[in-house]
Amino acid sequence: MGPSRLIKRRSAGSLFIEAMRFVVLSEMFLGCFSASNQPISNRMGHTVVFPLQGNVYPQGFYSVSLRIGNPPKPYTLDIDSGSDLTWLQCDAPCVSCTKAPHPPYKPNKGPITCNDPMCSALHWPSKPPCKASHEQCDYEVSYADHGSSLGVLVHDIFSLQLTNGTLAAPRLAFGCGYDQSYPGPNAPPFVDGVLGLGYGKSSIVTQLRSLGLIRSIVGHCLSGRGGGFLFLGDGLSTTPGIIWTPMSRKSGESAYALGPADLLFNGQNSGVKGLRLVFDSGSSYTYFNAQAYKTTLSLVRKYLNGKLKETADESLPVCWRGAKPFKSIFEVKNYFKPFALSFTKAKSAQLQLPPESYLIISKHGNACLGILNGSEVGLGDSNVIGDIAFQDKMVIYDNERQQIGWVPKDCNKLPKS
């Protein structure tokens, strides 16, 4: 099968849904790779750091630039800790590609076949929907915002520079997406694809660990002023002051989840207890279940007590206006009080949510609530902590020790090598 033309098909058995922007993959699957992907060297303990672009509002996402292929070409990817599979818009040729910063990726070799262990890992617990082992490995991923990508698995070189100056060129598996769909009212992100940062076997992080390049640790630091940095590996996991909490993993799930947690408002218990939370850098805002959201909105309204007037704004469902348009969050934060999430299984562990971690200032100068009702977008009883809450914090997902940590940080400064 020629590298420039991959067979486009939708197999009913190949549907692979990410109900909350994470792919369901095996925690127990013993991954292995083809002979061409043998470990480069035992460089455990090293880190790769990437600068980020983007913001919570108005862009709604943070992205990273990666160099892929031989010769390497730049691609801009939406960083997503809520999913595993990395994919690029792909000229195979492309049936439906959205506007993007760069031309679609062109595969220079044939696709990964169904007998490759990566294909089995991707489709676990089901078997790959293939009639023969030599067929291409199809994928289809769907996200909570109803966006989706259809394509096949391929592999190519990723050009990476470790913080010790070493250059690495691992050959990694990712999705060649030739059919993207974004049926929602908002325009799709202006990116070339998605960088899946979960801990499943198809994740770039897991693949790099299997090659002996890094430990299975990933972190991000999102600046409230825009930009920030992303890192892979354990070089920053010993930063002083990190608050660690154990992950809350369910069998067959690859979400970065933790809890239970109680919701506090202005230092007092709100009555909302036992929340299980998913940390998802692919979500712009925070989503609570219906009851937690109702309580949150009630507490904010009660404290405001009419000091600001609610107003319609297309940016978000609930917004307030002042006597004149607000220019920054610092003009409005004194009208609001902080929330916090207190984790009952981690002594004294709290995720602080000051007003700037749950409010945005819209283009109309209104203060809008960046905590939304998850039940209205199909999340059911789930609770998702998104980018708005991560601003000006370094968040670390340590899969080696099964824990998640965070610490206040100036995310505008890249870590020193």
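The legends below describe close-up views of a predicted model.

**View 1. The largest pocket of the predicted model and the residues around its centre.**
The largest pocket has a volume of about 1400 Å³. It is lined by 43 residues, and those closest to its centre are Asp145, Asn186, Ser284, Tyr285 and Tyr287. Sorted by class, this lining holds 25 nonpolar residues, together with eleven polar and seven charged ones. Both domain 1 (47-233) and domain 2 (243-408) contribute to the lining of the largest pocket, with at least three residues from each.

**View 2. The second largest pocket, with residues from domain 1 and domain 2 in its lining.**
The volume of the second largest pocket is about 580 Å³, and of the 23 residues that line this pocket, Gly224, Arg225, Ile329, Glu356 and Gln391 are the closest to its centre. Which strand gives the most to the lining of the second largest pocket? That is strand 21 (residues 359-361), which supplies three residues. The lining of the second largest pocket is made up of ten nonpolar, eight polar and five charged residues, and at least three residues come from each of domain 1 (47-233) and domain 2 (243-408).

**View 3. Asp80 and Asp280, the residues listed under "active site".**
An unreviewed UniProt entry lists Asp80 and Asp280 for "active site". Although these residues span 201 residues in sequence, their C-alpha atoms are no more than 6.6 Å apart, so the residues gather at one spot. Of these residues, Asp280 is included in the lining of the largest pocket, the pocket with a volume of about 1400 Å³. Asp80 is found in strand 3. Is Asp80 buried or exposed? Its relative accessible area is 0%, and because buried means under 20%, Asp80 counts as buried.

**View 4. Strand 9 and its pairing with strand 3 and strand 4.**
Strand 3 (residues 73-80) runs parallel to strand 9 (residues 193-196), and four bridges join them. Strand 4 (residues 87-89), by contrast, runs antiparallel to strand 9, to which it is joined by two bridges. Gly193 of strand 9 is a useful residue to look for in this view, as it stands opposite Leu77 and is also the bridge partner of Leu88.

**View 5. Pro71, in the loop that leads into strand 3.**
Pro71 is found in the loop between strand 2 (61-68) and strand 3. With a relative accessible area of 58%, Pro71 is exposed, whereas Asp80, which is found in strand 3, is buried. Pro71 and Ile157 are 86 residues apart along the chain, and their C-alpha atoms are separated by 8.9 Å.

**View 6. Two cis peptide bonds, one joining Tyr57 and Pro58 and one joining Ala92 and Pro93.**
Most peptide bonds are trans. Tyr57 and Pro58, however, are joined by a cis peptide bond with an omega of about 10°, and Pro58 has its place in the loop between strand 1 (47-55) and strand 2. Another cis peptide bond joins Ala92 and Pro93, where omega is about -10°. Pro93 lies in the loop between strand 4 and helix 1 (117-123).

**View 7. Asn305, a residue with a positive phi.**
Most residues other than glycine have a negative phi. Asn305 is not a glycine, yet its phi is positive, at about 50°. Where is Asn305 placed? It sits in the loop between helix 3 (290-304) and strand 17 (309-311), and at 66% relative accessibility Asn305 counts as exposed.

**View 8. The hairpin of strand 25 and strand 26, with Gln402 in its turn.**
Strand 25 (393-398) and strand 26 (403-408) form a hairpin with four residues between them. The two strands pair in the antiparallel sense over six bridges, and in one of the pairings Val395 has Trp406 of strand 26 as its bridge partner. Gln402 lies in the turn and has a positive phi of about 55°; at 33% relative accessibility, Gln402 counts as partly exposed. Strand 26 also pairs with strand 12 (residues 243-246), again in the antiparallel sense, over four bridges, and here Pro246 has Gln403 as its bridge partner. Five of the six residues of strand 26 are buried, and the strand is therefore largely enclosed by the rest of the structure.

Notes:
Residues are numbered from 1 along each chain as its sequence is written. This is a predicted model: local features need pLDDT of at least 70, side-chain atom pairs count only at pLDDT 80 or more; totals for chains, interfaces and linings use all residues. Side-chain values use heavy atoms; hydrogens and water are left out. On a 1 Å grid over the protein atoms alone, a cavity is a set of points where a 1.4 Å probe fits but cannot get out, and a pocket is an open set with protein on both sides within 12 Å along at least five of seven lines; lining residues have an atom within 4 Å of a point. Grid points are joined across faces, edges and corners, and a volume is the space filled by probe spheres set on the points. Ala, Val, Leu, Ile, Met, Phe, Trp, Tyr, Cys and Pro count as nonpolar, Asp, Glu, Lys and Arg as charged, and the others, Gly among them, as polar. Domain bounds come from an automatic or database domain assignment. Two strands pair if DSSP finds at least two bridges between them. UniProt positions are given in the numbering used here, feature names are shortened, and annotations may be inferred rather than shown by experiment. Buried means under 20% relative accessible area, exposed over 50%, partly exposed in between (1.4 Å probe, protein chains only).
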